[in-house]
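Work through the exercises below with the sequence and the coordinates open beside the text. Each task is followed by a solution in steps.

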Amino acid sequence: MEKHIISKSTFIRGTQCLKSLYLNKKRPFLRDRLSQAQQAIFKRGTDVGLLAQQLFPDGIDCKPRSPSQFRKKAMETLEIIRQNQHPVLYEATFQHKQMLTILDILVRNNHGWRAYEVKSSLKISDTFLLDAAFQYYVITGAGIELDDFFLVTVNPDYIRKEKLDLQQLFTKESVLQKIKELQPYIVSQIEKEKAALQAKSSPKIDIGIHCHDPYPCDFLGHCWKKIPANSLLYLDTFDKKFRFEKYQKGEDRPELIPLKNLNEQQKLQITAALQKSLAVHHEKLNASFSHPKEEPVFLSLLIIRPAVPLFNGMKPYQHLPVAAVLFDTKEQKYQLELFLPHHNPIQKSLDFFQKISMQYPKIILYDKNQLNGFLEESAPEELKQQAREKIKSLQELFQNGTVYHYLIHGDYSPERMANILSLPPAKETDTTKAGMQWIQQLTSGDFPSEELKQTTEGILKNQIGFTQNLYNYLKNKT
Ligand code: SF4
């Protein structure tokens with residue numbers, strides 16, 4: 001058995017961009033650092049995959065523990081199948097013509113072998129189909145006939161009742177017909193990828209829409225470094241296709257974009273890019289700061305979205321507030337609220353938002369997206385309305401044409417903002433990490449540790465600090 005040169009993940013990488021495939025193999029040191037958010041997605045995928053194994057209990061684990069075990073495990077997998085030793089295999093490993101794949105679950109029933117690939121998403125995407133089609137090519141090429149191939153995803157309509165019902169939580173859909181139809185494409189794509197990997201230099205592929213589709217490429221830092229920081233390519237109020245058309249014609253400089261026919265947000269972004277600074281729509285900014293007269297209170301939140309519902313009545317990926325910190329400027333006092341663990345955390349959070357939106361005339365937080373998601377799913381109409389009026393987001397001001405900085409480049413995270421506006425550092429990545437820890441501890445039935453509670457409080461206070469600094473910075477621009 002020859003050593004593999006393409007695995008399932010590198011195959012998918014190659015379908016997005018052959019240059020990325022090449023750089024990943026030959027120049028891995030040029031890769032961007034994996035963000036906390038991306039790490040969280042990988043971790044979530046692994047956790048959901050492990051849970052889905054329980055759909056077919058008592059399987060034998062064929063997982064290679066390190067890359068040096070790939071060939072050995074592929075031979076062992078074939079042996080187990082040929083000897084009919086076990087009806088359920090987890091992480092079954094296959095190699096064929098220098099291709100490698102590790103399938104989540106392989107099950108033998110009366111009809112033959114059935115493949116199950118688990119995805120932690122709520123629906124099947126084109127990329128998942130390509131992934132399954134590549135696996136089908138390798139597994140059948142390795143000599144195993146497949147009776148069927150299923151993609152297993154998380155059921156968006158599942159509502160938890162007491163004990164977790166795995167049969168209801170997961171949806172299994174046969175994709176055999178679709179992936180058989182994709183086989184000619186898989187064969188030709190493998191040839192292209194092999195040729196790219198054998199080439200002496202990296203393929204001549206320019207940046208394009210493919211750099212972010214279907215996933216943000218991890219060589220953006222390398223390939224995009226030649227793009228001027230104030231290029232039209234970075235201005236996200238313009239249609240992507242339009243931006244790349246201009247770039248390909250060499251017309252992506254902001255001075256080449258006529259202001260006529262642009263909307264207010266686009267005009268503000270072009271102004272910021274032309275001036276290479278922060279651009280302000282003074283009328284809008286003044287309106288946001290003029291009412292009410294008294295100082296606002298500041299709010300920061302940790303909201304998690306566990307793939308697997310943690311409490312009765314919850315759905316997969318439902319927003320679940322964990323903790324909040326409120327800072328009362330007048331009293332100079334922090335108030336910490338922990339919603340978890342509590343027998344009804346949703347109600348406890350709703351009561352908190354109800355109370356603060358009655359008590360304070362204006363509440364400022366940085367990013368309101370998660371809160372909006374939570375309220376949309378769980379709050380009565382009256383509270384949604386109240387929260388819309390009282391709780392204001394600073395991030396929104398950068399997105400709705402009130403202020404814009406030319407170095408945002410589509411990244412509205414507190415870290416990026418603090419960095420480009422020279423404010424004291426903010427640590428959004430810690431929030432993602434803390435969220436993952438909360439999910440982990442609650443999933444394993446533990447009460448969150450004192451240490452995690454204290455870390456969460458520290459992170460939320462840091463966020464309050466950032467929000468206050470940004471608020472004062474913007475107030476000075478009115
Ligand atoms: S950044 Fe774009 S062009 Fe560069 S390797 Fe990635 S996808 Fe390809």
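**Exercise 1: the setting of Q95**

Q95 is buried, with a relative accessible area of 7%, where buried means under 20% relative accessible area (1.4 Å probe, protein chains only). This is a predicted model, in which local features need pLDDT of at least 70 and side-chain atom pairs count only at pLDDT 80 or more, while totals for chains, interfaces and linings use all residues. Residues are numbered from 1 along each chain as its sequence is written, and side-chain values use heavy atoms, with hydrogens and water left out.

Task: place Q95 in its strand and list its contacts beyond four places in sequence.

Step 1. Q95 belongs to strand 3, residues 88-96, strands being DSSP runs of E with at least two residues and helices runs of H or I with at least four, numbered from the N terminus.

Step 2. With neighbours within four places in sequence set aside, Q95 is in contact with M1, E2, K3, H4, F70, R71, A74, L100, V138 and A142, contact meaning heavy atoms within 4.5 Å.

**Exercise 2: the nonpolar cores**

Task: describe the largest nonpolar core and say why it lies between two domains.

Step 1. The largest nonpolar core (buried Ala, Val, Leu, Ile, Met, Phe, Trp, Tyr and Cys residues joined through side-chain atoms within 4.5 Å) has 75 residues, and L299, F353, F398 and L470 have the most contacts inside it.

Step 2. Helix 19 (residues 450-475) gives the most to this core, namely 8 residues.

Step 3. Because domain 2 (227-276) and domain 3 (286-475) both give residues to this core, it lies between them; the domain bounds come from an automatic or database domain assignment.

Technical notes. Buried means under 20% relative accessible area, exposed over 50%, partly exposed in between (1.4 Å probe, protein chains only).
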